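Colleague: Before I trust any labels here, can we go through what stands behind them? Pull it up and I'll start asking.

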Amino acid sequence: MGDATRLRDRIRELEARAAPLEPDGVERRRLLAATAEYVEGFLAGLPDRPAFESDRTTAAGIDEVGVGKRSLGIGEILGLYERAVATPALNAASAGHLAYIPGGGIYASALGDYVAAVTNEYAGVAYASPGGVAMENRVLDWMRDLVGYPDEARGNLAAGGSVANFIAVHTAREATALGARDVPDAVVYSTAHVHHCLAKALRVAGLGETVSRTVAFDDRYRMRPDALAEAIAADREAGLRPWLVLASAGTTDVGAIDPIDEIADVAEAEGLWFHVDAAYGGFFALVDSVRPKLAGMERTDSIVLDPHKTLFLPYGTGAVLVRNGDHLRNAHTYEANYMQDAVHEEGDSPADLSPELTKHFRGPRVWFPLLLHGVEPFAACLEEKIELTRYFHREVRARGFEVGPDPDLTVAMYRWVPGEGDANAFNRALARYVNEDGRVFVSTTMIDGTYVLRVAIVVFRTHLEHVDLTLQILERGVAELEAHPERWRTEPASPE
Ligand SMILES: *Cc1c(COP(=O)(O)O)cnc(C)c1O
């Protein structure tokens, strides 16, 4: 046998061994049917599933199976997924998930992801996928119009709000030509309620040594523009370089919207880059009653919205927009010899507007739902959440709880002040009571040293009955803890 023949035989043998990677049509239908069956069972059982399962032990199933030791059938894989992944801890698809800033994960996005993965579009550059890139750009144009930016604005669908904020911070730095030598004198302004991912973004961008100026907020946790102007004046006086204002449209803790229009006045007059983190609040611009509170968004230099929160997408998509698109492009465009055939005539490519080259094709997970359902159900769903939060806020107060200010968005704060004993300890025990029940899951925060519970009503599946259930559980928790002070008197008073 000649060398060439032996080589050909070897290649054919390897091809045969790799064949499972390309299942045939019959096998594909079997795999898809089994997966769809699992998903249907999951969704059908969702109303009865806890929002939080405190038994975490089943997660160990993943380690027991390991990776690469043996192959499993699709039934076994899905069974393991159900036991070890879908069951323990947080059920982020649940209507009862009222903690942090959730979203739920709409079904049409899963279909978009499925098709994107099977067709494996290369949506990093328009040369490879003019339609895929156009899809992402049109989705971003829709967000641009919602914000009120001009046509020359550009944006990017990133992996999440943190990465989107990072892209904005990097762009601000490049656009303002802030060199390494300028960093120690550059001042960044925000309130204490700005999301921690912005401090992380600054650090990752090499800007951890900028001066961080904490600006005072009003009695509703909104940045005070007068305090901002004063801080800038004092910093100029001290020879520093006021550089960047970070405002929030919907703080994670309390849902406060900073007065964007008035802050824009200050930022414009002082020549600072003005970034708004609207990861949580931005899409509420779809709700007529909230839109006025977001006035001035169109005057910012950059903004972040998080479709995996308030467009209810499954996790994995945040969006950044920059009002002057040239700044985003200049901060990210690179040329490479091996890409010389990739001509740039079909519109802006994500690769020229973000740190990524080859990337997850995120367009379909946003575009499928928006085309399938239209925008109106999203607007209605967001408005429903606003009204549910107003309802919760007044009903929890009517039951004797102390409450935070009227909610700007869909976060409400509350706590029970016990007849005697330490209120922080009581409310810590109350939060644990709610989450051990598990039907709803709430989170807590510290506001000026006070331990408070919060609900964030953002999952698209959360409706009136879930809010009523939350009120019932809270009432019962208070009654039990008031009757059994020994259950909370020994609690440490401050959070771990
Ligand atoms: C969630 C959130 C972020 C971070 O976004 P991720 O998508 O979790 O990375 C940033 N800012 C605000 C206001 C948020 O609510």
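Colleague: How do the residues of the shell around the ligand divide into nonpolar, polar and charged?

Modeller: Four are nonpolar, eight polar and three charged. The classes are fixed lists: Ala, Val, Leu, Ile, Met, Phe, Trp, Tyr, Cys and Pro are nonpolar, Asp, Glu, Lys and Arg charged, and the others, Gly among them, polar. Keep in mind that this is a predicted model, where local features need pLDDT of at least 70, side-chain atom pairs count only at pLDDT 80 or more, and totals for chains, interfaces and linings use all residues. Residues are numbered from 1 along each chain as its sequence is written, and side-chain values use heavy atoms, with hydrogens and water left out.

Colleague: Which residues of the shell are closest to the ligand?

Modeller: Of the 15 residues surrounding the ligand, the closest are Gly161, Ser162, Asp277, His308 and Lys309. To be in the shell, a residue needs a heavy atom within 4 Å of the molecule.

Colleague: What makes lysine 309 a polar contact of the ligand?

Modeller: A polar side-chain atom of lysine 309 is 2.8 Å from a ligand oxygen, and the cut-off is a pair of N or O atoms within 3.5 Å (within protein, one must be able to donate a hydrogen and the other to accept it, and residues adjacent in sequence count only if both atoms are side-chain atoms). Aspartate 306 also gets there with a polar side-chain atom, at 2.7 Å from a ligand oxygen. Glycine 161 uses a backbone N or O atom, again at 2.7 Å from an oxygen of the ligand.

Colleague: How much of the ligand's accessible area does the protein cover?

Modeller: 85% of the 380 Å² that the ligand has on its own. That's Shrake-Rupley with a 1.4 Å probe; for residues, only the protein chains shown count as cover.

Colleague: Why is histidine 308 called buried?

Modeller: Its relative accessibility is 11%, and buried means under 20%, exposed over 50%, partly exposed in between (1.4 Å probe, protein chains only). So histidine 308 counts as buried.

Colleague: Where does histidine 308 lie, and what is in contact with it?

Modeller: Histidine 308 lies in helix 11; helices are DSSP runs (H or I, at least four residues), strands are E runs of at least two, and both are numbered from the N terminus. Leaving aside neighbours within four places in sequence, its contacts (heavy atoms within 4.5 Å) include Pro102, Ala159, Gly161 and Tyr315. Glycine 316 puts its backbone nitrogen 2.9 Å from a polar side-chain atom of histidine 308.
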